[in-house]
Amino acid sequence: MASTGGGELKYEMAQNAYIKLVLHALKHKTSAVNGVLLGRTSPKNESLVQIEDSVPLFHNHLGLLPPLEISLIMIEEYYSARGLGIVGYFHANERFDDTELGNISKNIADHISRYFPQAAVLLLDNKKLEALPKGKDRSPVVQLYTKDAYKNWKLVAEDGGIHLTFKEPAANTILLDYISSEKWQEVVDFDDHLDDITKDWLNPDLFK
Amino acid sequence: MVTKTEESQLNKLENQVDNGGGGAWEYLCLARKLKVRRSDKVLKYGLSILNDSRKRSSQGSDEWTLYEQVAVAAMDCHALDVAKDCINALQKKFPESKRVGRLEAMLLEAKGSWEDAEAAYSSLLEENPFDQVIHKRRVAVAKAQGNISVAIEWLNKYLEIFMADHDAWRELAEIYVSLQMYKQAAFCYEELILSQPTVPLHHLAYADVLYTLGGLENLQTAKKYYSSTIDLSGGKNNRALFGICLCSSAISQLARGRNREDKDSSPDLPSLASAALEKEYKLQASDKLSVLTSTLKCLRVSS
């Protein structure tokens, strides 16, 4: 089984899932933000997790339970009817040089991994994001964490046995396009929805 | 804190200026009055006025307030050269000013020269120990460096003197929540509710923290504060309506097998809240109605 370190666990992330979360972080530059990853284990290969979509959650008071509980139930209800479940968690820290995975993230990720043991945690890498326009980096601007054999969240080394790749290789190029057109202004998260239910956390028209 | 009306007024002006309809000066005045953080727009519109010598001089003495406003916005957007230019202009006009000295210290902070900024703020505070802005900038310097415990300590000291500063209480509460120090966050919201008892957002935040703390007593109190939020906001607060449903569900789970007295004291409340939510969604977000209904069903089943 590939659920512990040293296995050949692979995460393949759809471009839109990735871009939505990075744009969300850029929309709220002065706060921490988080989101969930939706997907499934590949029916053909149980050590491949396909991350198909994402939902940006909050940009305020990430440590409070009520909005989190409501959002997770709603998201599960919506996506399970479409064959997808919550397979991971995304977090961007408030400060540029904060590269730590905090306790709030770990708690939420623990909860998610209770239902999906191969859950992935993605932490936005601000330095990589900053360097994106200058270099030709085609890898996701995130750090990947998974649970090790001792049930702790461990940073996955770039040359480790676990990999995070894009489904569409040009994801960063598209991301840069959206950044320069300030597309982040259109991203709606769950906080926005709870404040105004006409705002749709599914972001159906974001990439049209 | 800004009301919904004030926010939409500001947004309307912002759209107007963005689409070439003018009104930049009105926008800048409103942004200054409401103390909102829209630094990219303030920088853009402010510079358009400052760089045009006719527009600039037509503002009279307000020109200098604009320089200050643009300097701060520039620092927030990391346009440090623009900030320096504005500060230089202010320095020339007001050579001995402490207010300009404050901006110079902020520029050091914006550059990330933490020790120099700290020293500048400390010396400014020696001459004027009651400058609230500088006290808060020192907290910001600590926060920016990741010294959260120092930030908390200084913010607490600040609040001992300036206990009517509601924004500072809210900032402290947010810091505590981010560290999962919920009891301390609850204390801050209690202070806010005491001094501003008719502001529903304080009741809501307090209820959210109590629910997060958990335990039967906290849940029952949270339910009361969700109720007062709904009362104070004329029934229009969806977060509070959800809160009622969550509390009822959690209370029933905890009270299972306990004495009757511990059970839900107001059993009609969750169904009223659910009905209110369903009505709202049917009206304004009908595509999400089925997701809402199954969510509410989940909460009832687990109770």
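Here is a walk through this predicted model, from confidence in chain A to the spaces lined by both chains.

Let's start with how far chain A can be trusted. Its pLDDT averages 93, and 97% of the residues score at least 70. Among the elements of chain A, strand S4 (residues 85-92) has the highest mean pLDDT, at 98, while strand S8 (residues 163-166) has the lowest, at 93. The stretch to treat with care is residues 1-6 of chain A, where the pLDDT is below 50. Beyond near neighbours in sequence, that stretch has six contacts in the model.

Next, a bit of annotation. An unreviewed UniProt entry puts the feature "domain: MPN" at residues 11-143 of chain A. Over those residues the chain is 36% helix and 32% strand, and the C-alpha atoms at the two ends are 13 Å apart.

Now for the open space. The second largest pocket has a volume of about 780 Å³, and 32 residues line it. Lying nearest its centre are A:Leu65, A:Glu69, A:Leu72, A:Ile73 and A:His111. Both chains take part in the lining: helices H2 (65-80) and H3 (103-115) of chain A give two or more residues, and so do helices H13 (200-213), H15 (238-255) and H17 (289-301) of chain B. The largest share is that of H2(A), with seven residues. As for chemistry, the lining splits into 19 nonpolar, ten polar and three charged residues.

What about enclosed space? Searching the whole structure turns up two cavities of 30 Å³ or more. The largest cavity holds about 60 Å³. From chain A, the residues lining this cavity are A:Pro66, A:Pro67, A:Ile70 and A:Leu194; from chain B they are B:Leu204, B:Asp208, B:Arg239, B:Phe242, B:Gly243 and B:Leu246. H2 of chain A turns up again here, and along with H13 and H15 of chain B, each supplies at least two lining residues. This time H15(B) makes the largest contribution, with four residues. Sorted by type, the lining of the largest cavity is seven nonpolar, one polar and two charged.

One last stop on helix H15 of chain B is B:Gln253, which is found in that helix. Is B:Gln253 buried or exposed? Neither label fits, because its relative accessibility is 43%, so B:Gln253 counts as partly exposed. If you want a distance to check in your viewer, try B:Gln253 to B:Leu172: these two residues are 81 apart along the chain, and their C-alpha atoms are separated by 32 Å.

Definitions and conventions
Residues numbered from 1 in each chain as written. Chains lettered and ligands numbered in written order. Predicted model: local features only at pLDDT ≥ 70, side-chain atom pairs only at ≥ 80, totals over all residues. Heavy atoms only, no water. 1 Å grid on protein atoms, 1.4 Å probe; cavity = no way out; pocket = protein on both sides within 12 Å on 5 of 7 lines; lining within 4 Å. Points joined across faces, edges and corners; volume = space filled by probe spheres on them. Nonpolar A, V, L, I, M, F, W, Y, C, P; charged D, E, K, R; others polar. UniProt positions renumbered as here; feature names shortened; annotations may be inferred. Buried < 20%, exposed > 50% of the residue type's maximum accessible area, 1.4 Å probe, protein only. pLDDT = per-residue confidence, 0-100. Contact = heavy atoms within 4.5 Å.
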